[in-house]
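Trainee: I would like to go through this model element by element. Where should we begin?

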Amino acid sequence: MQSAGWKQAVEWLAAAARDPRECKRQWDHGTGTALLAAGRYWDVLSVPDRLGLLALDLLWNDPLKVPGPTLVDVTARRVGFFLPPDPASEWIGFGVRHVGRGSWVAVPPPYRPTGRLEWLVPPDGTGTLHSPVPLEQALRRATRTLAVLAPAGAEPGGPDGW
């Protein structure tokens, strides 16, 4: 991403903060992360990392579409997909969490990782997000693949069953 693209992405993300200036200060001089309000400009669908990484890989298969912003928390082993706000949506699945209005998301700046958080697909600043239907299809395909790789009765390997 060019520096102009970074600036646009910073402004787009910081707009979700209570105080955009303080948000940018936290990214540059504070903890390196900022708490941003979900539900106004975007929601986040958080899934276990194996499921999310496989789904993201499937989304990259369409050469005409770049996936929307996608964040990974390497410590919690979760992947977060940024998608349009939809308070009525219901995402159901093992370990699936829909984060919307009234929730806050810890977010690093779009130009570098911070501690346990890093962008797999950073925001581009245009407001592009994941489309819910292709994301759901990729998650379903990834779930089927993981079901084959981890047969029923196998011992879960982590806190989210992976």
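Trainee: How many bridges join strand β3 to β7?

Mentor: This is a predicted model, in which local features need pLDDT (the predictor's confidence in each residue, from 0 to 100) of at least 70, side-chain atom pairs count only at pLDDT 80 or more, and totals for chains, interfaces and linings use all residues. Residues are numbered from 1 along each chain as its sequence is written, and side-chain values use heavy atoms, with hydrogens and water left out. Strands are DSSP runs of E, at least two residues, and helices are runs of H or I, at least four, both numbered from the N terminus; two strands pair if DSSP finds at least two bridges between them. Strand β3 (residues 70-73) and β7 run antiparallel, and the bridges joining them number four.

Trainee: Which residue of β7 is the bridge partner of D73?

Mentor: D73 has its bridge partner in β7. That partner is L117.

Trainee: What is the strand order of the open sheet?

Mentor: The sheet has five strands with antiparallel pairing. Its edge strands, β5 (97-99) and β7 (117-121), each pair on one side only. The order is β5-β2-β4-β3-β7.

Trainee: Over which residues does pLDDT stay under 50?

Mentor: The chain has a mean pLDDT of 88, and 91% of its residues reach 70 or more. Where pLDDT is low, the predicted coordinates should not be read in detail. The stretch with pLDDT under 50 has 15 contacts (heavy atoms within 4.5 Å) beyond four places in sequence, and covers residues 157-162.
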